[in-house]
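User: I am new to reading protein models. Could you take me through this one by question and answer?

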Amino acid sequence: MHKNRGPVYYGDYLQLDKLLDSQLPLSKKYADSTNGECHDEMLFILVHQAYELWFKQILHDLNAILVTFNQEYIPESELSSVIQKLSRIKKIQGLLLGQLEVLETMTPMDFLEFRDLLIPASGFQSVQFREIEIKLGLSTNDRQHVDREFFLGRLNESDRKKLTDLESSPSLLKLVEGWLERVPYTNMDNFHFWEEYQKSIASLLQDDEEIILNNSAHLTELAKKIQLENLEGTKTTFKSLFDETSHLELVKNKQRTLSQKAILNALFIMLYRDESMLTIPFQVLTTMMDIDENFTTWRYRHALMAQRMLGTKIGTGGSSGHQYLKRAADNNRVFVDLFNLSTFLIPRSRLPVIPTNIRKKLSFYV
Ligand code: HEM
């Protein structure tokens with residue numbers, strides 16, 4: 001614990017002189033006899049600055065999380081601290097979402113008064129927002145060509161270099177993939193979980209087929225045929241979990257990101273999350289999904305705000321505005337593989353029983 005080194009003054013400690021002197025509305029700078037200062041530009045600046053301050057805190061926490069995951073072996077105690085930091089990011093995202101409501105107290109007409117003064121600046125140039133995206137796992141190469149142009153093309157040389165350099169460091173997604181691949185319990189001491197799980201799936205699907213064939217007297221032959229075809233589709237989906245060729249095909253088509261081993265081990269964590277050793281890994285995965293979901297919610301919410309302010313006008317950064325933002329919300333997901341794992345969850349009663357020797361390893365057994 002640090003000891004006090006002398007009196008501290010509130011305003012000096014927080015550097016309020018600098019902070020509160022950093023709002024410089026352009027409408028004030030260029031005010032003349034026809035156009036005066038626009039009252040709401042102050043709000044516009046402050047909300048963006050508040051965002052950037054919170055982005056700084058998110059990056060501070062994200063950097064610490066990356067250091068933890070960048071180890072060969074991650075002690076349990078450090079994972080608890082990861083959950084605490086991820087949860088903080090979630091709370092901050094809640095605040096960021098709420099701030100859009102404050103900004104929307106500015107009407108589109110009020111925004112129009114100073115909007116043209118901002119061209120060509122826009123959120124495209126928020127380097128911290130891009131840093132968060134890249135550190136989470138959204139690479140510029142995963143973007144559609146036109147989006148990549150917007151992603152990097154509006155930045156000055158040094159910001160662009162900073163972000164492209166950042167892409168050579170491992171992202172949270174990559175590090176979590178490595179961590180998941182190292183989960184030991186699924187293939188040890190003569191216990192081959194995936195063989196057992198596949199047997200359960202086969203029996204579940206067999207039951208489904210029998211229900212369609214025997215219990216659907218009210219169904220027409222055509223309806224029965226459609227249901228059986230849908231069931232074949234489900235079988236193919238399950239096959240993609242175990243069959244390497246199908247998995248690689250999905251990766252190639254950008255429908256899957258994580259390695260097959262990481263996906264299977266993440267599924268194991270989700271299925272057996274009640275086992276003591278898996279409780280914390282399960283929380284890590286779900287909190288990362290929450291953060292991904294919050295980002296997507298923010299993107300849609302921000303797209304709606306842009307539509308409310310601009311209609312179908314283009315953005316100050318030159319994109320199609322609302323349309324671009326909606327597409328970015330649809331396309332930019334980090335942990336989508338974890339969401340899709342729900343496809344493969346099965347009822348607890350049909351889960352393979354874990355042998356006692358493995359169970360002991362999964363619990364705080366003394
Ligand atoms: C009046 C309020 C706002 C409007 C009308 C608006 C509009 C837009 C538009 C149209 C774009 C697309 C780029 C362009 O062509 O300009 C954009 C991008 C962006 N804006 Fe806003 N925005 C507003 C407020 C905010 C705020 C408060 C933030 C918080 C930092 C923000 C962050 C971003 C980010 C990060 C992007 C890039 C998104 C991406 O490429 O996925 N915007 N905004």
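**A cis bond, a ligand and some loops**

User: Where is the place of Pro120?

Analyst: Helices here are DSSP runs (H or I, at least four residues), and strands (E) need at least two; both are numbered from the N terminus. Pro120 has its place in the loop between helix 6 (108-115) and helix 7.

User: What kind of model is this, and how are residues numbered?

Analyst: This is a predicted model, in which local features need pLDDT of at least 70, side-chain atom pairs count only at pLDDT 80 or more, and totals for chains, interfaces and linings use all residues. Side-chain values use heavy atoms, leaving out hydrogens and water, and residues are numbered along each chain as its sequence is written, from 1.

User: What is omega for the peptide bond from Ile119 to Pro120?

Analyst: That peptide bond is cis. Its omega is near 5°.

User: Which protein atom is the donor of the iron atom of the ligand?

Analyst: Donors are N, O and S atoms within 2.8 Å of the metal (3.2 Å for Na, K and Ca); water is not among the atoms, so sites may look incomplete. His302 is found in helix 15. At 2.1 Å, the only protein donor of the iron is His302 (NE2).

User: Which helix gives the largest share of the shell around the ligand?

Analyst: A residue is near the ligand if one of its heavy atoms lies within 4 Å of it. Of the 28 residues around the ligand, those that come nearest are Arg130, His302, Gly317, Ser319 and Tyr324. Helix 4 (41-69), helix 7 (127-136), helix 15 (276-310) and helix 16 (322-331) each supply at least two residues of the shell. The largest share, seven residues, comes from helix 15.

User: How many residues of the shell around the ligand are charged?

Analyst: Ala, Val, Leu, Ile, Met, Phe, Trp, Tyr, Cys and Pro count as nonpolar, Asp, Glu, Lys and Arg as charged, and the others, Gly among them, as polar. The shell has 16 nonpolar residues and ten polar ones. The number of charged residues is two.

User: How far is a polar side-chain atom of Ser319 from an oxygen atom of the ligand?

Analyst: A polar contact is a pair of N or O atoms within 3.5 Å; within protein, one must be able to donate a hydrogen and the other to accept it, and residues adjacent in sequence count only if both atoms are side-chain atoms. A side-chain N or O atom of Arg299 is 3.5 Å from a ligand oxygen. For a backbone N or O atom of Gly318, the distance to a ligand oxygen is 3.3 Å. For the polar side-chain atom of Ser319, it is 2.7 Å.

User: Why does Asn332 count as buried or exposed?

Analyst: Asn332 lies in the loop between helix 16 and helix 17 (336-340). A polar atom of its side chain lies 2.9 Å from the backbone oxygen of Ala328. Buried means under 20% relative accessible area, exposed over 50%, and partly exposed in between (1.4 Å probe, protein chains only). Asn332 has 9% relative accessibility, so this residue counts as buried.

User: Is Lys254 buried or exposed?

Analyst: The place of Lys254 is in the loop between helix 13 (244-252) and helix 14 (260-271). Its phi is near 60°, a positive value in a residue other than glycine. The relative accessible area of Lys254 is 59%, so this residue is exposed.
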